[in-house]
Amino acid sequence: MPDPNGFLRYDRRLPARRPVPVRISDWREVYPPAGEELVREQATRCMDCGIPFCHDGCPLGNRIPDWNDLVRTGNWDAAVESLHATNNFPEFTGRLCPAPCEAACVLGISGGQPVTIKQVEVEIADAAAARGFTPRAVPAPSGRSVAVVGSGPAGLAAAQQLARAGHAVTVYERDDAIGGLLRYGIPDFKLEKRHIDARLAQLVAEGVRFRTGVNVGVDVTAEQLRAEHDAVLLACGALQGRDTPETPGRALRGVHQAMAHLVAANRAVATAATDQPGAAATGEARPARALLPDGTPIDAAGKHVVIIGGGDTAADCLGVAHRQGAAGVHQLDLYPQPPRERDEARDPWPTWPWILRSYPAHEEGGERVFAVAVQEFVDDGTGQVRAVRIAEVTVEKRDGRRVVTVVPGSERELPADLVLLAIGFDGTEQQPLLAQFGVTRNPRGAVDARDDWQTDADGVFVAGDMHRGASLIVWAIAEGRAAAAAIHCHLGGVGALPAPVGPAAQALAAR
C-alpha cells in the first residue's frame, strides 16, 4: 500500500531549471534530469486514492497511482511496464503535456499542491530510454496492410499498435523526417530530437515502414494508397493557422504565422546538429540562420519581436526568440491576466482551471501584455512592418459569442521588426488528399468520424488533431490507439487492442 503520510512529509518539488544565462545560449532542454531521491520522494506523495480522479484527467487512462507506488518502492522495471501499458510515448507526454492529470489530482483540492505526475512519468520513461527501448516480438503476419498518413504522435501511436498486432504498417510523411510537429514544431529546449529517434528505432525494429518526402494526394494518389493497403488512417494534424486578414497591414513583410518561425528554427537547429555534431546542443555554435522555404529570413536576431497569442505556441516562439538573440520581445494576449490560483466558483476541481501559466520562456525575458488587441501593423514605408498599434480591450461573452470592445484613448505603438501570429489553429489544412479520399472538413476545419473511427469513406479512418482539432499530445496518442483498435477490428484481427477513448470523448471541463 502507499505511504499514508507521504503527502504530509513532503512538499511538491521539481528539479531546478538550468540557469537562464546558460540555457538561452544553447538549445538543450530546460530541465535537467531529476535525481532518483527526488523522484521517489515526489512519488511517495501519491495517496493511491480510492477513486483516482487523475485517471479522468488523462484520456490515456494512465495507471498513475500504480507506477507512482512502484517508483516509491524502487521497482523501476515494473513502473516502466505499467507506464507503457497505456502510453506508447511517455517521454513525449512527460515533456510536452500540460498535465490535466495534475489538475485533477485529489491533493489539488482547495488550493493544495498536486503530485508531480508529469515529472515522475518522464523520469520513468528516461530510465527506460537509458537502457534502450526493447522492441516487442513481432507476431505472425496477419496478411493485412495499413497506410498511416502523418507521423505525429497520433500516427506513430496507431502505427506501433497495429504493427504489434501483426499488420504491415507503412507511415507516409510529406516532410523529410518523421515526427510531425514533434520534429519541426516543438523546439529542442522542450524536446530534444534524440528522444524521437530512439522511438523510431524501436518502431522500425517492430516492423513499421516509413516513407518520407511523400505528399499523399500529390506524390501518391489516394487511389494508389487504397489499392496497396487494406485500410488507411489519416493523422495529418491541424496545421491551418488562424489568421487576421482583416487587420490593416497584415500583408507587410515581417508578419508571419508562428509555425513558420518554429519550423524554420527547428530546421536550423537540425542542420547545425548534422553539420557540426554536438554544436547546437552544447552552445558552441549558433545554428544557421532560420529561413522560410523560399529563403526569406525569419530569424529574431537583433529584432524587436511581437508575439500575438497567449498559449503554448506563443511561449515556444518566445523561447526561440530569446535563443536567436532578439533585441526585445512583447507577447500580447487578448484576455485579461488570469488569477494565479484556481477560482473554485468558475473552475471547480477536478476540471482544468483558468489560471496564469508561466512557462520557462517567460523567466528568460520579454514582456507580457494582457487585455490588448492589435489595431494595425504599421508600415515603415517600404512594405516592411516597423511597429504594431495596439489598444486596450474588454472581452465578454454575449449569447455564446465573444465580444471585444476597444477602450477609447488607449492606443499605442510597440516597435516590431518581426510579428508572429500564435492565435490558434483552424483545423486541418485543405489539401488534395481530402477530395481524393472523398472526405470533407466540418465547420471547425476538422474531419468527422463515425463511432468506429471511419470517415465518410469506408476503410478510411481519422485520428488525432485532424479529427478533434488542435489539442493535447495525450489526446493525440489516445485517439491513435483507439483508431488502431478500430482498424484492427475492421481487418478481422484476432483479439482486441486497447481503445482508451471514443470519437465523441471530450476533456474534463467545467460546465
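Me: Which residues does Ala 159 touch, once those up to four places away in sequence are not counted?
Reply: In this predicted model, the residues that Ala 159 touches, leaving out those up to four places away in sequence, are Val 148, Val 169, Val 171 and Val 208. Ala 159 itself belongs to helix H10, which covers residues 153-164.

Me: Is Ala 159 buried or exposed, and how should I read the percentage?
Reply: The general idea is a cut-off on relative accessible area, with under 20% read as buried and over 50% as exposed. Ala 159 has 0% relative accessibility, and therefore it counts as buried.

Me: How far apart are Ala 159 and Ala 476, in sequence and in space?
Reply: Sequence separation and spatial separation are two readings of one pair, and here they are 317 residues along the chain and 13 Å from C-alpha to C-alpha.

Me: How many salt bridges does a search of the whole structure find, and how do I judge a single one?
Reply: A pair is accepted when a side-chain nitrogen of Lys or Arg lies within 4 Å of a carboxyl oxygen of Asp or Glu, and the search of the whole structure gives 33 salt bridges. One of them joins Asp 188 to Lys 193, with the closest N and O atoms 3.0 Å apart, and both Asp 188 and Lys 193 are buried.

Me: What does the accessibility say about each partner in the salt bridge of Asp 347 and Arg 346?
Reply: It is worth reading the two partners separately. The side chains of Asp 347 and Arg 346 meet at 3.3 Å, N to O; Asp 347 is at 7% relative accessibility and so counts as buried, whereas Arg 346, with a relative accessible area of 47%, is partly exposed.

Me: Where do Glu 411 and Arg 389 lie, and what does their pair tie together?
Reply: The salt bridge between Glu 411 and Arg 389 has its closest N and O atoms 2.7 Å apart. Glu 411 is in the loop between strand S11 (401-406) and strand S12 (412-415), while Arg 389 is in strand S10 (residues 385-398), so the pair ties together parts that are 22 residues apart in sequence. Glu 411 counts as partly exposed at 43% relative accessibility, and Arg 389 counts as partly exposed at 22%. Elsewhere, salt bridges that share partners join Arg 17, Arg 23, Arg 323, Glu 363 and Glu 364 into one network.

Me: Into which domains is the chain divided?
Reply: The division gives domain 1 (6-131), domain 2 (145-239 + 426-491) and domain 3 (244-423). The centres of domain 2 and domain 3, taken over C-alpha atoms, are separated by 29 Å.

Me: How many residues are in contact between domain 2 and domain 3, and what is the area buried there?
Reply: An interface can be read by its contacts and by its area. Here 12 residues of domain 2 are in contact with 10 residues of domain 3, and the area buried between the two domains is about 940 Å², with 55% of it given by carbon and sulfur atoms. On the domain 2 side, Tyr 184, Pro 187 and Phe 189 lose the most area to domain 3, together 56% of what that side buries.

Me: How many salt bridges are counted between domain 2 and domain 3, and how many residue pairs are in polar contact across that interface?
Reply: The count is three salt bridges between domain 2 and domain 3, and five residue pairs are in polar contact across the interface. By class, the side of domain 2 that touches domain 3 has five nonpolar, one polar and six charged residues.

Conventions: Residues numbered from 1 in each chain as written. Predicted model: local features only at pLDDT ≥ 70, side-chain atom pairs only at ≥ 80, totals over all residues. Heavy atoms only, no water. Helix = DSSP H or I, 4+ residues; strand = E, 2+ residues; numbered from the N terminus. Buried < 20%, exposed > 50% of the residue type's maximum accessible area, 1.4 Å probe, protein only. Contact = heavy atoms within 4.5 Å. Domains from an automatic or database assignment. Buried area = accessible area lost by both parts, 1.4 Å probe. Polar contact = N/O pair within 3.5 Å; in protein donor to acceptor, adjacent residues only side chain to side chain. Nonpolar A, V, L, I, M, F, W, Y, C, P; charged D, E, K, R; others polar.
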